[in-house]
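Trainee: I would like to learn how to read a fold from its coordinates. Where should we begin?

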Amino acid sequence: MITVYGRATSSNVQIVMWAIGELGLEYERLDYGHSYGKTKTPEYLAMNPNGLVPTVRDGDLVLWESGAVLRYLAARYGAEPFWPADPARRAPLDMWAEWAKTTFGPALFPIFQHLVRLPKAQRSEVALEAGVAGIAPVARILDARLGAGPWLAGEDFTFADIAAGTLLYRYYTFPFQRAETPNLDAYYERLKSRPAYAQHAMVSYEPLRAPD
Ligand SMILES: N[C@@H](CCC(=O)N[C@@H](CS)C(=O)NCC(=O)O)C(=O)O
């Protein structure tokens, strides 16, 4: 039984939960973080010195960093083709997984901040517009990679789709003018039809909205 410490509204928790769902693993998820608190206690900090979510326990093993947890779950419980054994096939997918974390996520962040997270008084149209302009070329890169799809690896759904797909729920539901990306649009439609995606990644972010 895997224990996930982290609220369902966290996109990083969602990466872990979606992977657990795809792999059909037994789990319990405990609400930690944001309005639930409990992440700055000595007990929690002993597991995760960052005081952030998610933290994951699998037997005696305690892990944090959602990308590392995704890879651990895939390597330990996944099989071909979800987690390719051949480094030469896995690395190009890992490249996209890393890109999603380090390029797509940060590009979406200012839009999240200025549409949802910040109180109205601190929101800025200028910052929002800069965020919208900034994510367009990034979305086009993913669109080009996806080509006709269906998945990042081509025919097979892999761990990389979890890294790249989790934030697309937010990307497609935030009200802003998105770039034209027909391949990415079709990819998101395919993701939505996966039960584990619908359950764990399509989670309302309204509880995170700052009070006005
Ligand atoms: N790089 C870390 C980032 C973890 C992180 O920033 N978590 C956020 C939620 S997405 C958090 O804990 N925020 C504070 C909170 O929820 O109390 C990961 O991928 O796991």
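Mentor: Begin with the core, and keep in mind that this model is predicted. In soluble globular proteins, nonpolar side chains tend to be buried together. Here the largest nonpolar core has 47 residues. V16, A19, L70, F159 and A163 have the most contacts inside it.

Trainee: Which elements each supply at least two residues of this core?

Mentor: One strand and several helices. The strand is β1 (2-5). The helices are α1 (11-23), α3 (66-77), α4 (87-117), α5 (125-146), α6 (159-165), α7 (168-173) and α8 (182-192). The top contributor is α4, with eight residues.

Trainee: Where does this core lie with respect to domain 1 and domain 2?

Mentor: Check who contributes. Domain 1 (2-77) and domain 2 (87-202) both give residues to the core, so it lies between them.

Trainee: Can we look at one residue in detail? What is A163 in contact with, leaving aside its neighbours within four places in sequence?

Mentor: Count C-beta atoms within 7 Å as contacts. On that basis, A163 touches I15, G67, L70, A97, A100 and K101.

Trainee: Now the domains. How many Å apart are the C-alpha centres of domain 1 and domain 2?

Mentor: The bounds come from the domain assignment, which gives 2-77 for domain 1 and 87-202 for domain 2. Their C-alpha centres lie 21 Å apart. The contact between them takes 12 residues from domain 1 and 13 residues from domain 2.

Trainee: Which elements give two or more residues to the side of domain 1 that touches domain 2?

Mentor: Those elements are α1 and α3. The most comes from α1, with eight residues. Sort that side of domain 1 by class, and you get six nonpolar, four polar and two charged residues.

Trainee: Last topic: the strands. In which sense do β1 and β2 pair, parallel or antiparallel?

Mentor: Read the bridges. Strand β2 (residues 27-30) pairs with β1 in the parallel sense, over four bridges. Within this pairing, T3 stands opposite E28 in β2. To get from β1 to β2, the chain passes through α1, and this β-α-β crossover is right-handed.

Trainee: And what about β1 and β3: parallel or antiparallel?

Mentor: That pairing is antiparallel, again read from bridges. Strand β3 covers residues 55-58, and four bridges join β3 to β1. T3 turns up here too: its bridge partner in β3 is R57.

Trainee: Let me place T3, then. T3 faces E28 in β2, and T3 has R57 as its bridge partner in β3.

Mentor: Right. Now find those residues in the viewer.

How values were computed: Residues are numbered from 1 along each chain as its sequence is written. This is a predicted model: local features need pLDDT of at least 70, side-chain atom pairs count only at pLDDT 80 or more; totals for chains, interfaces and linings use all residues. A nonpolar core is a set of buried Ala, Val, Leu, Ile, Met, Phe, Trp, Tyr and Cys residues joined through C-beta atoms within 7 Å. A residue is buried if 20 or more other C-beta atoms lie within 10 Å of its own, exposed if 12 or fewer, and partly exposed in between; C-beta atoms are placed from the backbone. Domain bounds come from an automatic or database domain assignment. Two residues are in contact if their C-beta atoms, placed from the backbone, lie within 7 Å. Ala, Val, Leu, Ile, Met, Phe, Trp, Tyr, Cys and Pro count as nonpolar, Asp, Glu, Lys and Arg as charged, and the others, Gly among them, as polar. Two strands pair if DSSP finds at least two bridges between them. A crossover is right-handed if, with the strands pointing away from the viewer, the path from the first strand over the helix to the second runs clockwise.
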